[in-house]
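Colleague: Let us go through this chain step by step. Please start with a single polar contact and work outwards.

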Amino acid sequence: MPVLFRASFLDPATVAAARPDCRAWRLPLLPAPSPAPASRPPATGHGAKTFIDERLVLEAKRLLLHSSSTAAAIGDRLGSPSTTVFTRFFRHRTGETPAAFRARARLTAGAADG
């Protein structure tokens, strides 16, 4: 299942077939699903929301670094309802705004190349 999840993460048809209200679970401001019972913690030590959030941040970082798309376009592609929500989500999880991440990452990559 993890391979299928990675391969079809941004495919709306696959996500919609798995869950009709697919945009709802990707919104960062919605409450997390109820936790798993204490007698059966997740194997990774993190819940599903943490896993999904980490995957969204990873995809956002890739798009910020390897495309010229705006933060608004990237946020929209990843299911965020607005640029503000995407920026807050990204900053909360990485400690910097999408624009600051892009500038720092490209500067670091440029310094390593040259």
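Modeller: The backbone oxygen of Leu63 lies 2.5 Å from a polar atom of the Ser67 side chain. Keep in mind that this is a predicted model.

Colleague: Which backbone nitrogen does the side chain of Ser67 reach?

Modeller: Ser67 sits in the loop between H4 and H5. Its side chain also makes a polar contact at 3.4 Å. The partner is the backbone nitrogen of Ser69.

Colleague: Is Ser67 buried or exposed?

Modeller: The cut-off for buried is under 20% relative accessible area. Ser67 has a relative accessible area of 18%, so the residue counts as buried.

Colleague: Which residues does Ser67 touch, not counting those up to four places away in sequence?

Modeller: Ser67 belongs to the loop between H4 and H5. With residues up to four places away left out, Ser67 touches Arg62, Ile74, Arg102 and Arg106.

Colleague: Now Ala73. How far is Ala73 from Leu63, C-alpha to C-alpha?

Modeller: Ala73 is found in helix H5, residues 71-77. Ala73 and Leu63 are ten residues apart in sequence. In space, their C-alpha atoms are separated by 9.9 Å.

Colleague: And is Ala73 buried, partly exposed or exposed?

Modeller: Buried ends at 20% and exposed begins over 50%. Ala73 has 38% relative accessibility, so Ala73 is partly exposed.

Colleague: Step back to the whole chain. How many helices and strands does the protein chain have?

Modeller: Read along the sequence, the pattern is α-α-α-α-α-α-α. The count is seven helices and zero strands.

Colleague: What share of the residues is buried?

Modeller: The protein chain has 114 residues. It exposes about 7,600 Å², with carbon and sulfur atoms supplying 62% of that area. The buried share of the residues is 27%.

Colleague: What share of the contacts between residues at least 6 apart joins residues at least 24 apart?

Modeller: Take the contacts in the protein chain between residues at least 6 apart in sequence. Those joining residues at least 24 apart make up 56%.

Colleague: Which helix gives the most to the largest nonpolar core?

Modeller: That core has 13 residues, and Ala60, Ile74, Leu78, Phe86 and Phe90 have the most contacts inside it. Helices H4 (48-66), H6 (83-94) and H7 (98-113) each supply at least two of its residues. With six residues, the main contributor is H4.

Colleague: What does Phe86 touch, not counting residues up to four places away?

Modeller: Phe86 is among the core residues with the most contacts inside the core. Phe86 is also buried. Its contacts beyond four places are Ala60, Ala71, Ile74, Gly75, Leu78, Ser80 and Pro98.

Colleague: How many aromatic pairs are there, and why is the pair of Phe86 and Phe90 tilted?

Modeller: The count comes to two aromatic pairs. The rings of Phe86 and Phe90 have centres 6.1 Å apart. Planes from 30 to 60 degrees apart count as tilted. The planes of this pair are at 40°, so the pair is tilted.

Colleague: Where do Phe86 and Phe90 lie?

Modeller: The two residues are four apart in sequence, about one turn of the helix. Both lie in helix H6.

Colleague: What kind of pair do Phe90 and Phe101 form?

Modeller: Phe90 is in helix H6 and Phe101 in helix H7, eleven residues apart, so the pair links distant parts of the chain. The ring centres are 5.8 Å apart and the planes are at 65°. The pair is edge-to-face.

Colleague: What is the relative accessibility of Phe90?

Modeller: Ring pairs link Phe86, Phe90 and Phe101 into a cluster. Phe101 is buried, with a relative accessible area of 8%. Phe90 counts as buried too, at 0%.

Colleague: Which residues of H6 are buried?

Modeller: H6 has twelve residues and spans 16 Å from its first C-alpha to its last, close to the 16 Å expected. Gly95 follows H6, with a positive phi near 85°. The buried residues of H6 are Val85, Phe86, Thr87, Phe89 and Phe90.

Colleague: Last one. Which side chain makes a polar contact with the side chain of Asp53?

Modeller: Asp53 is found in helix H4. Asp53 is buried, with a relative accessible area of 10%. Beyond four places in sequence, Asp53 is in contact with Phe89 and Arg93. The polar contact, at 3.0 Å, is with the side chain of Arg93.

Definitions and conventions: Residues are numbered from 1 along each chain as its sequence is written. This is a predicted model: local features need pLDDT of at least 70, side-chain atom pairs count only at pLDDT 80 or more; totals for chains, interfaces and linings use all residues. Side-chain values use heavy atoms; hydrogens and water are left out. A nonpolar core is a set of buried Ala, Val, Leu, Ile, Met, Phe, Trp, Tyr and Cys residues joined through side-chain atoms within 4.5 Å. Buried means under 20% relative accessible area, exposed over 50%, partly exposed in between (1.4 Å probe, protein chains only). Contact means heavy atoms within 4.5 Å. A polar contact is a pair of N or O atoms within 3.5 Å; within protein, one must be able to donate a hydrogen and the other to accept it, and residues adjacent in sequence count only if both atoms are side-chain atoms. Rings of Phe, Tyr and Trp (its six-membered ring) pair if their centres lie within 6.5 Å; planes under 30 degrees apart count as stacked, over 60 as edge-to-face and the rest as tilted. Accessible areas come from the Shrake-Rupley method with a 1.4 Å probe; for residues, only the protein chains shown count as cover. The expected span of a helix is 1.5 Å times one less than its number of residues.
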